[in-house]
Amino acid sequence: MATAMIGGMLGTGAFQAQEIIGSARTQETAEKVGSKYGILTGTDNRETARQANVLILAVKPVFLAEVIEQIRDLVDGESTLVISIAAGKTIDWIEHEFGKSLRIIRCMPNTPAMVGEGCTCVCLKETYTDAEVYAGDKAVALRIMNSFGRADILPERLMDAFVGVAGSAPAYVFLFIEAMADAAVMAGMPRKQAYEYAAQSVLGSAKMVLETGMHPGALKDMVCSPAGTTIEAVRVLEEKGMRAAVIDAIGACVEKSKSM
């Protein structure tokens, strides 16, 4: 996710390479990312924390406590804005691990950030005491997250729901595209074309939802001619339980997020 964010931030021109410093667990990863994006990288979390005025914790949840322990004494609530993208770890939990009150914002982007089409929720700490600092930190977080897609403010209580419907959603969409392409291949189409047509159809359909503001059901009805091919396909999807499967899958994702 960190590399997707870096790629999006630089690809859209919102940030310059010299503004970004990164730390990775291995020298191999640090060198690979540094070479690809032209940013300064290393393997010393403490050195990165020492230099950053906006510190993004792009860490898998299972490793977050370990990383916080390494940098705890270098981060304070005065000079550093902390942004966490770790799933399942609340603002209260992070502050508890640091052992101090912080300027902290919790975000959840998704991997389409890599191509400038990310979807990110931004959860603000409710106990900021300085309105000017609060406004400044909010603006910084939105500038970063909007640089690679769309970002919205959400209350933290909705973070797990966001993970289910957006954070993890690219995987569901990729699975859908793959399945559609497999079906086209079965019908005789070359695989490369099958992937391109399936992906473009998903892209165009999503754009229609966002730009027309119409209900997805109404847009679906526009495609379903009486006694036509599309309504026959929709009938099979309903018969096979596609809608229920999607709802159950996202529900499972939400519950997993809550338990992390």
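**Exercise 1.** In which sense do strand β5 and strand β6 pair, and over how many bridges?

*Solution.* Keep in mind that this is a predicted model. Start with the two strands: β5 covers residues 103-108 and β6 covers residues 118-124. Their pairing is antiparallel, over four bridges. For one concrete contact, look at Met108, whose bridge partner in β6 is Cys121.

Now step back to the sheet. Five strands make up an open, mixed sheet in the order β3-β4-β5-β6-β7. At its edges are β3 (54-57) and β7 (149-153), each pairing on one side only. From one strand to the next, the twist averages 25°. Helix α5 (residues 91-98) lies across β3, β4, β5 and β6, running at about 135° to β5.

**Exercise 2.** Find the salt-bridge partner of Arg106 and decide whether Arg106 is buried or exposed.

*Solution.* First, the partner is Glu156, with the closest N and O atoms 2.9 Å apart. Next, place the two residues: Arg106 sits in strand β5, while Glu156 is in the loop between β7 and α7, so the pair links parts of the chain 50 residues apart. Finally, check accessibility against the 20% cut-off for buried. Arg106, at 3%, is buried, whereas Glu156, at 24%, is partly exposed.

**Exercise 3.** How are Glu47 and Arg50 placed along helix α3?

*Solution.* The two residues are three apart in helix α3 (residues 45-51), which means about one helical turn separates them. Their side chains meet in a salt bridge of 2.7 Å, N to O. Glu47 is partly exposed at 33%, and Arg50 is partly exposed at 46%.

Note on methods: Residues are numbered from 1 along each chain as its sequence is written. This is a predicted model: local features need pLDDT of at least 70, side-chain atom pairs count only at pLDDT 80 or more; totals for chains, interfaces and linings use all residues. Side-chain values use heavy atoms; hydrogens and water are left out. Two strands pair if DSSP finds at least two bridges between them. Axes are lines fitted to C-alpha atoms, for helices over the stretch in contact, and angles run from 0 to 180 degrees between N-to-C directions. Contact means heavy atoms within 4.5 Å. A salt bridge is a side-chain nitrogen of Lys or Arg within 4 Å of a carboxyl oxygen of Asp or Glu. Buried means under 20% relative accessible area, exposed over 50%, partly exposed in between (1.4 Å probe, protein chains only).
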